[in-house]
Amino acid sequence: MSGTAGGNEDSAPKDRPSLPDEFAELTDPKNREDPYPFLDELRERSPYAPFEGLVVVARYADCSAVLRDPSMSAARDKATLALTPRGPRTRNFLHLDPPEHTRYRRLVTGAFARRKVAGLAPRIRESATELLETAAAAGSLEIIEDLANPLPLRLICELLGVPFEDRDLLQDWSAKLSQALEPPFGQPGGMSREASRARAGIVTYFRDLIEERRGEHRDDLITHLLEIEEDGHRLDDADILATCVLLLNAGHETSVTLIGNAILALLRHPDQFDRLRADLALAPAAVEEVLRYDTPVQMTSRVARQHGRIGSADVRPGDTMVLLLGAANRDPEVFPDPGRFDIGRSPAASHLAFAAGPHFCLGAGLARLELAIVLELFSTLLVRPRLRSGGLAYKRNLNLRGPARLLVDIDGFRSPGGVHRAEGVRSADDAHVR
Ligand code: HEM
């Protein structure tokens with residue numbers, strides 16, 4: 001059970017434990033829509049070991065401490081329990097520990113800094129407006145297919161310098177690969193054949209693209225990854241390949257989930273949506289509240305390197321800590337009345353949706369910027385958006401949990417030239433147009 005972007009291979013571990021009873025309700029796809037009552041129970045019981053080798057960590061303070069603890073390793077293949085299928089994989093830095101992680105991450109951060117994230121704002125705005133306008137012409141939108149899926153994919157392709165015409169190919173691979181981020185509890189072991197094939201496709205694709213970019217001096221991330229050097233360290237081709245796969249894998253499906261969760265939260269809380277519409281400067285705060293309230297990456301893991309304790313739970317070397325980030329972000333010790341969606345919150349501590357410590361999400365700035373722009377456009381461009389009854393379905397994913405389908409009806413679209421009524425929609429009276 002890990003935030004294992006970057007892929008694992010087919011070998012099914014022999015010693016995978018069966019599902020403990022208390023996880024059954026959580027993992028049942030029927031309960032995807034509202035896992036929070038079960039997560040609350042797990043948090044109250046935590047930290048505890050449901051069986052040898054596994055410690056459930058779900059309180060905010062404990063999750064935060066484990067994420068920052070240098071004796072906790074991100075190398076999941078060092079765990080006693082084979083919760084993560086073993087086998088060869090691209091060596092991405094999500095699974096490395098300091099000091100190797102520090103060196104590798106610093107180089108990637110340097111390459112990221114050259115391709116300034118803030119500079120992407122006009123492109124995000126343009127792309128999101130175009131996607132919303134195209135979909136709105138039909139009178140309703142399916143948020144996931146029309147916006148949440150294509151927008152982050154376009155952005156990551158643009159960031160990396162992937163040719164526009166290849167994006168459908170990457171979208172397909174990325175969706176298949178996201179299965180690899182799921183915990184293995186209660187499902188057949190290993191990576192599916194489909195996901196393995198997708199991974200092989202991505203690897204070949206990026207290998208060729210890296211070769212093409214060599215010596216071209218373009219302003220894209222692949223070129224910066226090839227050129228960056230710090231204190232005599234450089235990334236080799238295998239590192240660059242692994243980083244490309246990681247960025248696509250860690251940056252796409254997470255953003256799809258975040259956008260879906262955000263639109264859903266606003267549509268279900270009209271008072272908060274009105275507040276945002278009345279004051280668009282609240283958009284960044286709304287982004288933080290969505291990340292806390294409906295955390296897109298629900299869990300990650302660490303492996304203990306030495307003996308220790310978390311609260312009353314004993315920890316031994318090789319034990320896997322399952323960190324329930326979605327539960328930690330609803331911890332009443334830190335966030336009063338945690339089940340309330342309140343975009344005006346000023347929390348005492350920052351949520352853990354992007355983790356914390358050395359592996360704090362490298363794409364957090366991009367994800368935040370992207371969603372703030374989406375929320376602003378969603379609030380201003382669409383006339384009377386509302387969730388269609390029966391228009392919500394969840395993905396099966398337990399970790400990257402969010403809507404698979406989110407149907408929104410609208411009365412029209414506001415462009416600089418004025419309001420375009422959606423076709424087939426009764427003309428809304430002005431009181432409706434907000
Ligand atoms: C949209 C919402 C996103 C969420 C909720 C999210 C969440 C996370 C979390 C929880 C981790 C830490 C995993 C761990 O330590 O076990 C992480 C790491 C990472 N994320 Fe994100 N992420 C998001 C978007 C992105 C984007 C857009 C990118 C890139 C363009 C990205 C790139 C990365 C990378 C490279 C790491 C590994 C950092 C390291 O190991 O040092 N993420 N992310």
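1. Start with what helix H12 packs against. In this predicted model, the buried residues of H12 make their contacts with helix H11 (237-268), helix H13 (283-293) and H15. H12 itself spans residues 270-278, and its buried set is Gln272, Phe273, Leu276 and Arg277. Those four sit on the same side of H12, because they cover an arc of only 140 degrees around the axis. If the spacing looks familiar, here's the background: an α-helix has 3.6 residues a turn, so residues three or four places apart point the same way.

2. H15 is also a handy landmark for the metal site. Helix H15 covers 364-381, and Cys361 lies in the loop between helix H14 (325-328) and H15. Which atom does the protein offer to the iron atom of the ligand? Just the SG of Cys361, at 2.3 Å, the only protein donor.

3. Now the small sheet. It's an open one, with 3 strands in the order S11-S14-S15 and antiparallel pairing. Strand S11 (382-383) and strand S15 (418-421) are the edges, each pairing on one side only. S11 runs antiparallel to strand S14 (residues 412-415), and the two are joined over 2 bridges. To find your way around there, look for Val383, which stands opposite Gly412 in S14.

4. One more thing to look at is what lies against that sheet. Helix H5 (residues 121-136) packs on it, touching both S11 and S14. The direction of H5 makes about 140 degrees with that of S14.

Definitions and conventions
Residues numbered from 1 in each chain as written. Predicted model: local features only at pLDDT ≥ 70, side-chain atom pairs only at ≥ 80, totals over all residues. Heavy atoms only, no water. Pairing = 2+ DSSP bridges. Contact = heavy atoms within 4.5 Å. Axes fitted to C-alpha atoms, helices over the stretch in contact; angles between N-to-C directions. Donors = N, O, S within 2.8 Å, 3.2 Å for Na, K, Ca; no water. Buried < 20%, exposed > 50% of the residue type's maximum accessible area, 1.4 Å probe, protein only. Arc of directions from axis to C-beta.
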